[in-house]
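Good morning, and thank you for coming. Please take a moment to look at the structure on the screen before I begin.

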Amino acid sequence: MEALVLEKKGQLSLREIDLPAAMGPHDVKIAIHTVGICGSDVHYYEYGAIGPFVVKQPMVLGHEASGTVVEVGQAVKNLRPGDRVCMEPGIPDPNSRAARLGIYNLDPAVRFWATPPVHGCLTPFVIHPAAYTFKLPESVSFAEGAMVEPLAVGMHAAVKAKIKPGDLGVVIGAGPIGIVTALAALAAGCSQIVIADVQQPKLDLAAGLGPIRPVNVARESLRSVIDDLNEGWGADLVFEASGAVAAIESIHEPLCPGGRIVLIGLPIRPVSLDLVALNAKEASIETVFRYAHVYPRALALMGSGRINVKPLISRTFEFRESVEAFNFAVKPPPDCVKAQIRLVSE
Ligand SMILES: [Zn+2]
């Protein structure tokens with residue numbers, strides 16, 4: 001089958017490759033429609049590795065996907081050919097201890113698309129477990145369906161934040177994950193989100209999506225904006241979605257006493273946290289790794305119109321332009337939030 005293959009660090013090709021085609025009774029076959037390009041895909045392309053995950057043999061990229069069911073296994077009851085769907089890219093071992101505990105995202109044996117040595121989904125057809133395949137609501141397009149994967153990260157962060165109605169939230173980083181985290185936190189009850197970044201076009205875009213106050217930290221002090229909004233008390237919640245070392249090391253600054261921090265972005269090197277400052281505020285710190293059990297809720301929020309991810313989709317490439325799409329994503333213009341590849345022309 002044709003696929004976008006990362007041959008090795010820095011080398012991509014659109015070519016034929018042998019992919020598993022056996023379908024189990026609980027699987028479905030899906031014709032892929034749209035695949036979002038994720039920071040992790042780009043990182044594998046540029047560096048050939050993320051932490052312990054090293055690309056050692058050619059690997060198909062892509063994990064943020066939507067498509068149409070074309071075939072279902074004998075035991076599949078919830079899906080039929082023709083259903084429009086999106087897929088969770090991580091398949092845990094259902095018998096693992098993590099899966100039995102309900103934290104299947106932490107199963108050490110999880111097979112996650114485009115995480116070496118597992119192939120991704122930038123190819124016309126995939127076989128996937130029906131249990132990790134979700135029907136798109138009528139009003140949700142394939143392009144939006146391919147945004148459920150990043151939205152799920154923001155949703156999981158909002159769950160970990162234990163948001164109370166009326167909380168003031170800060171999101172550091174206005175990339176795709178930062179913006180979907182802001183949307184998820186607002187849907188969960190935050191009164192307002194202050195979003196911080198240095199790229200003005202992304203901040204402007206975020207500001208148009210709800211009660212979101214943009215702060216360009218190259219020009220303005222985040223803490224003083226929050227002081228103005230909350231009488232000098234600080235923000236109830238701080239979500240770190242930039243992965244920038246300096247931002248993480250000063251994460252305590254915008255937080256209120258007794259507040260909660262959710263760390264999402266991954267820094268390129270170990271960072272140090274100011275424990276004295278964090279202790280003095282009795283800060284709670286949460287971390288997230290992907291997500292578990294949030295696709296149905298993310299789709300419900302999209303379907304009801306409560307969360308609109310359409311403005312985040314900045315560029316759409318055709319499948320045959322996949323290599324060009326990745327070269328674009330390596331150095332995207334400052335107003336680009338999410339680029340996608342479409343495998344089916346409309
Ligand atoms: Zn992703």
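**Helices, sheets and two domains**

I shall begin with a pair of helices: α4 and helix α10, residues 295–303, pack at an angle of about 105°, with their axes 9 Å apart. That angle makes α4 roughly perpendicular to α10, because angles from 65 to 115 degrees are placed in that class. On the α4 side the contact is made by V148, L151, A152 and M155, and on the α10 side by Y295, R297, A298 and L299. By class, these contact residues divide into seven nonpolar, no polar and one charged. Please keep in mind throughout that this is a predicted model.

As a general point, two packed helices are described by the angle between their axes and the distance between the axes. I shall use that description for two further pairs.

At what angle do α4 and α5 pack? Helix α4, residues 148–160, and helix α5, residues 176–187, pack at about 50°, and their axes are 8 Å apart. An angle of that value makes α4 oblique to α5. The crossing of α4 and α5 is right-handed. From α4, the residues in the contact are P150, L151, V153, G154, M155, A157 and A158; from α5, they are P176, I177, V180, T181, L183, A184 and A185. Sorted by class, the contact of α4 with α5 has twelve nonpolar, two polar and no charged residues. You may notice that L151 and M155 appear in the contact with α5, and that L151 and M155 also appear in the contact with α10.

The next pair is helix α1, residues 39–47, with helix α11, residues 322–330: their axes come within 10 Å and cross at roughly 95°. This makes α1 roughly perpendicular to α11. V42, Y45 and E46 of α1 meet F326, A329 and V330 of α11. The residues of this contact divide into five nonpolar, no polar and one charged.

I now turn to the sheets. In what order do the strands of the six-stranded open sheet lie? The order is β15-β14-β13-β16-β17-β18, and the pairing is parallel. β15, residues 212–216, and β18, residues 284–287, stand at the edges; each has a single partner strand, so one side of each is left without a neighbour in the sheet. On average, neighbouring strands of this sheet are turned by 20° against each other, direction ignored.

Within this sheet, strand β13, residues 168–172, and strand β16, residues 235–240, pair in the parallel sense over four bridges. V170 has V238 in β16 as its bridge partner. Helix α5, which we met beside α4, packs on this sheet and touches β13, β14 (192–197), β15 and β16. The direction of α5 makes about 170° with that of β14.

There is also an open sheet of three strands, with the order β2-β1-β6 and antiparallel pairing. Its edge strands are β2, residues 11–16, and β6, residues 59–60, each pairing on one side only. β1 and β2 run antiparallel and are joined by six bridges. On the other pairing, two bridges join strand β1, residues 2–8, to β6, again in the antiparallel sense. V5 is a useful residue to locate: V5 stands opposite S13 in β2 and opposite V60 in β6. L6, in turn, stands opposite M59 in β6. The hairpin of β1 and β2 has two residues between the strands, and G10 there takes a positive phi near 80°.

Some backbone details deserve attention. In general, most residues other than glycine have a negative phi, and most peptide bonds are trans. Which residue other than glycine has a positive phi near 60°? That residue is A114, in the loop between β10 and β11. P117 is found in the loop between β10 (111–112) and β11 (125–129), and the peptide bond from P116 to P117 is cis, with omega near 5°.

Finally, I come to the division of the chain. Domain 1 comprises 2–147 + 309–342, and domain 2 comprises 154–287. How far apart are the C-alpha centres of domain 1 and domain 2? They lie 28 Å apart. Seven residues of domain 1 are in contact with ten residues of domain 2. The side of domain 1 that touches domain 2 has five nonpolar, no polar and two charged residues.

Thank you for your attention.

Key: Residues are numbered from 1 along each chain as its sequence is written. This is a predicted model: local features need pLDDT of at least 70, side-chain atom pairs count only at pLDDT 80 or more; totals for chains, interfaces and linings use all residues. Two strands pair if DSSP finds at least two bridges between them. Domain bounds come from an automatic or database domain assignment. Two residues are in contact if their C-beta atoms, placed from the backbone, lie within 7 Å. Ala, Val, Leu, Ile, Met, Phe, Trp, Tyr, Cys and Pro count as nonpolar, Asp, Glu, Lys and Arg as charged, and the others, Gly among them, as polar. Axes are lines fitted to C-alpha atoms, for helices over the stretch in contact, and angles run from 0 to 180 degrees between N-to-C directions. Angles under 35 degrees count as roughly parallel, over 145 as roughly antiparallel, 65 to 115 as roughly perpendicular and the rest as oblique. A crossing is left-handed if the near helix is turned anticlockwise from the far one by less than a right angle, and right-handed if clockwise.
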